[in-house]
Amino acid sequence: MSYRIGLNRFEGDDLESAADQLAKVFRITKAEASRIVIGLSDGNAWQFQQITSTEQSQMAENFLSSKGFEVELHPVAEDMAQDDAEPAEEEPANTGNKGIMGKIWLELNKKR
């Protein structure tokens with residue numbers, strides 16, 4: 001199954017750090033990420049428009065939840081997911097160097 005990732009709220013204290021995380025994970029500008037985090041703090045929901053797989057969605061949900069975001073996964077019909085799908089790129093598993101899941105993988109595996 002495929003999903004769209006929705007964010008309903010941000011409950012953390014550090015808006016700037018949250019914006020940095022969103023900018024990196026979703027590959028958007030910091031200004032856009034800041035607007036999203038402020039909107040979430042004010043009670044406005046946001047949805048990432050790209051479709052992600054079950055595995056990617058669950059990984060993103062775990063990561064974003066740990067950062068103070070309230071995450072909701074929205075199922076997407078398979079035929080709709082194929083219509084929106086971009087051509088697949090060959091990428092070794094868990095390289096952490098491309099896209100949203102690579103960024104999440106790097107964050108989850110950082111030495112703390």
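**Close-up views of a predicted model**

**Figure 1. An aromatic pair between strand 1 and strand 4.** Phe 10 and Phe 69 are both buried in this predicted model. Their rings form a tilted aromatic pair, with 4.9 Å from centre to centre and 45° between the planes. Phe 10 belongs to strand 1 and Phe 69 to strand 4, so the pair ties together parts that lie 59 residues apart in sequence.

**Figure 2. A cluster of rings made by Phe 26, Trp 46 and Phe 48.** Phe 26 and Phe 48 form a tilted aromatic pair, 4.4 Å centre to centre and with 45° between the planes. Phe 26 lies in helix 1, while Phe 48 lies in the loop between strand 2 and strand 3 (52–53), so this pair ties together parts that are 22 residues apart in sequence. Both Phe 26 and Phe 48 are buried. Ring pairs also bring Trp 46 into a cluster with these two residues. The structure holds 4 aromatic pairs.

**Figure 3. The largest nonpolar core.** This core has 21 residues, and those with the most contacts inside it are Ile 5, Leu 7, Leu 22, Phe 26, Leu 64 and Phe 69. Two or more residues come from each of strand 1 (2–10), helix 1 (15–26), helix 2 (30–41), helix 3 (54–66) and strand 4 (69–76). Helix 1 gives the most, with 6 residues. In soluble globular proteins, nonpolar side chains tend to be buried together. What is Leu 64 in contact with, leaving aside its neighbours within four places in sequence? Leu 64 is in contact with Ile 5, Leu 7, Leu 22, Phe 26, Phe 69 and Val 71.

**Figure 4. Helix 3, with buried residues on one face.** Helix 3 has 13 residues and reaches 18 Å from its first C-alpha to its last, close to the 18 Å expected at 1.5 Å a residue. Ser 57, Ala 60, Phe 63 and Leu 64 are buried in this helix. Seen down the axis, the buried residues of helix 3 fall within an arc of 135°, so they line one face of the helix. On the other side of helix 3, Glu 55, Asn 62 and Ser 66 are exposed. Gly 68, just after the helix, takes a positive phi of about 105°.

**Figure 5. Confidence along the chain.** The protein averages a pLDDT of 80, and 70% of the residues score at least 70. Among the elements, strand 2 (residues 46–47) has the highest mean pLDDT, 96, and helix 4 (residues 78–84) the lowest, 57. Over residues 85–97 the pLDDT stays under 50, and the model has 10 contacts beyond four places in sequence for this stretch.

Notes: Residues numbered from 1 in each chain as written. Heavy atoms only, no water. Core = buried A, V, L, I, M, F, W, Y, C linked by side-chain atoms within 4.5 Å. Buried < 20%, exposed > 50% of the residue type's maximum accessible area, 1.4 Å probe, protein only. Helix = DSSP H or I, 4+ residues; strand = E, 2+ residues; numbered from the N terminus. Contact = heavy atoms within 4.5 Å. pLDDT = per-residue confidence, 0-100. Phe/Tyr/Trp six-rings, centres within 6.5 Å; stacked < 30°, edge-to-face > 60°. Expected span 1.5 Å × (residues − 1). Arc of directions from axis to C-beta.
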